[in-house]
Each structure stands twice: as structure tokens, then as C-alpha cells.
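Here is a quick tour of the charged side chains in this one. Have a look at the model first, then we'll go through the pairs and the leftovers.

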Amino acid sequence: MDIPPDGHYVTSGLMLFPKHEEAIDQILDELRGKLPAKLAIVTTRDGQFIAASGELVNSVDLVGLGSLIAGDLAASHQIARLTGVYGDFQVVLREGADSHIFASDAGPHMALFILAPGTVPVGWVRLLGLEASRMLAKVAAIPPDEVDPQTLGFDDKSLADRFDQALNKLWTD
């Protein structure tokens with residue numbers, strides 16, 4: 001495969017260009033602006049590190065963590081397949097007293113991991129994590145000349161609507 005000089009090919013079949021990387025960094029920064037995540041990492045589905053943001057970036061082995069994230073999601077995918085509940089944007093969510101962990105597919109090639117403080121409601125972590133995963137999947141799916149980081153942010157109205165829907169669903173199910 002010929003890789004353009006400004007491209008970056010990762011083993012999962014994903015090719016990222018500088019505009020993709022800029023958009024991914026912007027999504028992580030905006031996510032951390034809405035959620036005080038200690039760490040947010042984007043990896044390929046096979047565990048190759050792509051990007052990270054957060055106060056723990058320099059104190060965690062990001063390559064090793066990327067591999068563990070991929071393994072965790074792969075195990076969860078297999079459990080879901082065996083039990084007949086596999087679907088898009090599989091999520092692993094761990095709720096703890098001191099922290100919450102969110103890991104999700106971000107399209108067919110990437111995964112998103114978020115480590116959030118336990119003071120943040122786990123539902124907020126889930127809502128923002130799923131939205132960020134959708135945005136990351138969208139970035140990876142479009143050609144580099146169509147990537148416009150300025151149009152990719154979190155849509156506050158969309159988030160408010162999703163939050164309202166989630167609350168309404170609590171009372172109607």
C-alpha cells in the first residue's frame with residue numbers, strides 16, 4: 001500500500017492524515033472541557049495508540065494501556081456475541097467510588113477510553129463518551145480534504161436533547 005507523505009497508516013487498516021489527527025485532538029480537548037476526565041485515550045481497535053489527553057498522560061504507559069483497552073473491548077464483544085446482544089458502539093462502563101471507566105468502540109477502527117472522577121455522575125460520562133465515540137467514528141470515515149475540525153464539536157442542543165430523552169426513558173420504561 002502506498003502511503004501519502006502526510007498520511008499515517010496503522011495496522012487496523014485505518015489511515016489518518018494531519019487533519020484527522022487535529023480533529024481527534026479537538027474532540028478529546030472538547031470532551032475534557034465538558035467532563036473533567038483524568039485521561040481520555042483514542043486507540044485503534046487492535047490497541048495501537050492514536051491520541052490522548054488529560055492530567056495522567058505523562059504518568060501512564062499509554063501503549064500498554066491501549067493494548068489492555070483493546071483486549072477488554074474484544075472480550076466484551078465476544079461475551080455480547082455469545083449471549084446474542086452484540087450491536088454497534090459496544091460500551092464497557094465501570095462505576096467506582098473514586099473513578100469511573102468508560103470504554104467504547106468509536107466506529108469500526110477506533111476505540112475511546114475515558115477515566116473520570118467518581119464525583120461525576122456515571123450517566124454523564126456515558127452520554128458524553130457515546131457522543132465523542134460517534135464523532136470520532138465520523139472523523140475516521142471521511143476523506144482528509146473534507147475534515148473540518150471547526151464543524152465537529154459537541155452540539156450542546158443535541159446533548160441537551162439526548163439528556164432529556166434519557167430522563168424521559170427512565171420514567172416510561
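Let's start with a pair: Arg45 and Asp105 join their side chains in a salt bridge, at 3.5 Å from N to O. Arg45 sits in the loop between strand 3 (39–44) and strand 4 (49–53) while Asp105 belongs to strand 6, so this contact ties together parts that are 60 residues apart in sequence. Keep in mind that this is a predicted model.

How many salt bridges does the structure hold? The count is 2. The other pairing to look at is Asp72 with Arg94, where the closest N and O atoms are 2.8 Å apart. This pair also links distant parts of the chain, with Asp72 in helix 2 (residues 62–82) and Arg94 in strand 5, 22 residues apart.

Are the partners buried or exposed? Here is how they come out:

| Residue | Relative accessibility | Class |
|---|---|---|
| Arg45 | 29% | partly exposed |
| Asp105 | 3% | buried |
| Asp72 | 23% | partly exposed |
| Arg94 | 40% | partly exposed |

So Asp105 counts as buried because its relative accessibility is 3%, with the cut-off for that label being under 20%. Its partner Arg45, at 29%, is partly exposed. In the other bridge, Asp72 is partly exposed at 23%, and Arg94 is partly exposed at 40%.

Now for some acidic residues elsewhere. Which residues gather in a patch of negative charge on the surface? They are Glu21, Glu22, Asp25, Asp29 and Asp148. Asp148 is placed in the loop between helix 3 (122–141) and helix 4 (156–172). With a relative accessible area of 34%, Asp148 is partly exposed, and that value fits the patch rule, which asks for over 30%.

Asp98 is worth a stop too. You'll find Asp98 in the loop between strand 5 (91–95) and strand 6 (99–106). Why does Asp98 count as exposed? Because its relative accessible area is 64%, and the label applies over 50%.

What does Asp98 touch, once its neighbours within four places in sequence are left aside? Its contacts are Lys38, Ala116, Pro117 and Gly118. For a backbone view of that region, take Asp98 and Val120: these two are 22 residues apart along the chain, and their C-alpha atoms are separated by 9.7 Å.

Methods: Residues are numbered from 1 along each chain as its sequence is written. This is a predicted model: local features need pLDDT of at least 70, side-chain atom pairs count only at pLDDT 80 or more; totals for chains, interfaces and linings use all residues. Side-chain values use heavy atoms; hydrogens and water are left out. Patches are made of residues with over 30% relative accessible area and no salt bridge: like charges are joined within 9 Å, nonpolar side chains (Val, Leu, Ile, Met, Phe, Trp, Tyr) within 5 Å. Accessible areas come from the Shrake-Rupley method with a 1.4 Å probe; for residues, only the protein chains shown count as cover. A salt bridge is a side-chain nitrogen of Lys or Arg within 4 Å of a carboxyl oxygen of Asp or Glu. Lys and Arg count as positive and Asp and Glu as negative; His and the chain ends are not counted. The place of a charge is taken as NZ of Lys, CZ of Arg, CG of Asp or CD of Glu. Helices (H or I, at least four residues) and strands (E, at least two) are DSSP runs, numbered from the N terminus. Buried means under 20% relative accessible area, exposed over 50%, partly exposed in between (1.4 Å probe, protein chains only). Contact means heavy atoms within 4.5 Å.
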